[in-house]
Amino acid sequence: MPGITASPHAQNVVPILIKSIKIPQILLDSRSESLASVSDFLKSNKSFMDSNISILFNSLRDDGVFAPIQVYREKGKTTSYVLTEGLLRLKIYEELKKSTNIPAIIVPYDADILHRAFIGNMAREDYSLPELAAWIIQLTGNGETENSLFTRFHIPRTRIVHALFSVTPEYIKLLSKYPETAITTLHRIHTATDADSIYMVNPITRKVLLDTLQSLEGHSVPKSIIDTLLYDANQVIINTVLLEDGKTTYERADKSSVSTTSNDDKTPLELPVFYREATVTMDTFISSVAKIEEAIKKYSIAQDDIKVTIQITKQATAKLVNKEEQSVSNYDIEKWLNEK
């Protein structure tokens, strides 16, 4: 059959009519972003953001279907099928219009057939987090737990957490405030600003944290800024003392002594100075290096009290790390700077 190639070792592979195959909604939901990429590519003829999809597309276009899809017969019908595995292969091949048929393996139906398909696919790295969330939600609705997904199916706990977070209104809201910020960073912000978090319970850190986050709105926030902010906030929490009247006050810990003394009521409360960001040009940065080094020595400033944030455009970062512009992230900048 033109355009269709099946593995010579495959058994029970038969060509079936593409139009006779129904697709469960959960499969469409679980690969919605990938399917949108396929559609955009065919309309605009631009390169895929996902190289794995591009490889699959080129393979199907040039060599046909080598790995057959999997279906089962719809109950009570002999010429109608339901897809269980091979959604992208089916949809791409259908768009290519190389044939009205596609090679498939017809398997017997059982109640766990889609459940097994989810388990077999959910760990794949080419799944975006929202797509992975669709699998996880389906599995947890059928008796699995986040713990069993980790222990039985070896899905990293952080990947599960971030996948589920990626489909929440809270994530969408945070992403609109801090565009192009990594989901790992946004999740840290979400956790830190939860009403019950240690940072929100403490009145000092609550104010400084929320004020700082507000000042960062509209910007892509590097992980280093949030890490530093939360570290400083944690130090404040450690050194916050509950007074007899129920109020709290902040004491700077004396590194030469384990004990600290309470602030005098007449002395103005000295709030901790959190990390502040100043964006400067490259020329200013170069001229500032010597000044910073001199200040560290002259004023005995701890090196940890000065952090440097470097911002590089996506276009420049892509060239530095030899990656597609759409796939670069803040981590690539850190990685490039740390390379020997």
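How much area does the chain expose, and what share of it do carbon and sulfur atoms supply? I looked this up before anything else. The exposed area is about 21,400 Å², and carbon and sulfur atoms supply 53% of that area. I note here that the model is predicted.

**Entry: the chain as a whole**

I recorded 16 helices and 7 strands as the secondary structure of the chain. The chain has 340 residues, of which 35% count as buried. I then turned to contacts with a separation of 6 or more, and found that 60% of them join residues 24 or more positions apart.

**Entry: the sheet**

I looked up an open sheet of 5 strands, which runs in the order 1-5-3-4-2 with mixed pairing. Strand 1 (13-17) and strand 2 (21-22) stand at its edges; each has a single partner strand, so one side of each is left without a neighbour in the sheet. As a general reminder, I wrote that strands of a sheet pair through backbone hydrogen bonds, either parallel or antiparallel. I next examined strand 3 (residues 69-73) and strand 4 (residues 81-85), which pair in the antiparallel sense over 4 bridges. In this pairing, Gln 70 stands opposite Glu 85 of strand 4.

**Entry: aromatic pairs**

How many aromatic pairs does the count give? I found 2. In one of them, the ring centres of Tyr 72 and Tyr 109 are 4.8 Å apart and the planes lie at 50°, so I entered the pair as tilted. This pair links distant parts of the chain, since Tyr 72 belongs to strand 3 while Tyr 109 lies in the loop between strand 5 (101-106) and helix 5 (113-121), 37 residues apart. I checked the accessibility of both residues: Tyr 72 is buried, at a relative accessible area of 12%, whereas Tyr 109 is exposed, at 53%.

The other pair is formed by Phe 165 and Tyr 171, with ring centres 5.5 Å apart and planes at 70°, so I entered it as edge-to-face. Phe 165 is buried, with a relative accessible area of 5%, and Tyr 171 is buried as well, with 15%.

**Entry: a nonpolar surface patch**

Which residues make the nonpolar surface patch of about 530 Å²? I listed Ile 292, Ile 306, Val 308, Ile 310, Leu 320, Trp 336 and Leu 337. I followed two of these residues further. Ile 292 is placed in helix 14 (residues 282-298) and counts as partly exposed because its relative accessibility is 31%. Ile 310 sits in the loop between helix 14 and helix 15 (314-321), and its relative accessibility of 36% also makes it partly exposed.

Setting aside the neighbours within four places in sequence, I found Ile 310 in contact with Ile 333 and Leu 337. I also noted a separation of 9.6 Å between the C-alpha atoms of Ile 310 and Phe 285, which are 25 residues apart along the chain.

**Entry: positive phi values**

Most residues other than glycine have a negative phi. I therefore recorded two residues with a positive value, Lys 97 and Asn 322.

Lys 97 has a phi near 55°. Lys 97 is located in the loop between helix 4 (87-96) and strand 5 and counts as exposed, at 66% relative accessibility.

Asn 322 has a phi of about 55°. Asn 322 lies in the loop between helix 15 and helix 16 (330-338), and I found it exposed, with a relative accessible area of 72%.

Methods:
Residues are numbered from 1 along each chain as its sequence is written. This is a predicted model: local features need pLDDT of at least 70, side-chain atom pairs count only at pLDDT 80 or more; totals for chains, interfaces and linings use all residues. Side-chain values use heavy atoms; hydrogens and water are left out. Patches are made of residues with over 30% relative accessible area and no salt bridge: like charges are joined within 9 Å, nonpolar side chains (Val, Leu, Ile, Met, Phe, Trp, Tyr) within 5 Å. Accessible areas come from the Shrake-Rupley method with a 1.4 Å probe; for residues, only the protein chains shown count as cover. A salt bridge is a side-chain nitrogen of Lys or Arg within 4 Å of a carboxyl oxygen of Asp or Glu. Helices (H or I, at least four residues) and strands (E, at least two) are DSSP runs, numbered from the N terminus. Buried means under 20% relative accessible area, exposed over 50%, partly exposed in between (1.4 Å probe, protein chains only). Two strands pair if DSSP finds at least two bridges between them. Rings of Phe, Tyr and Trp (its six-membered ring) pair if their centres lie within 6.5 Å; planes under 30 degrees apart count as stacked, over 60 as edge-to-face and the rest as tilted. Contact means heavy atoms within 4.5 Å.
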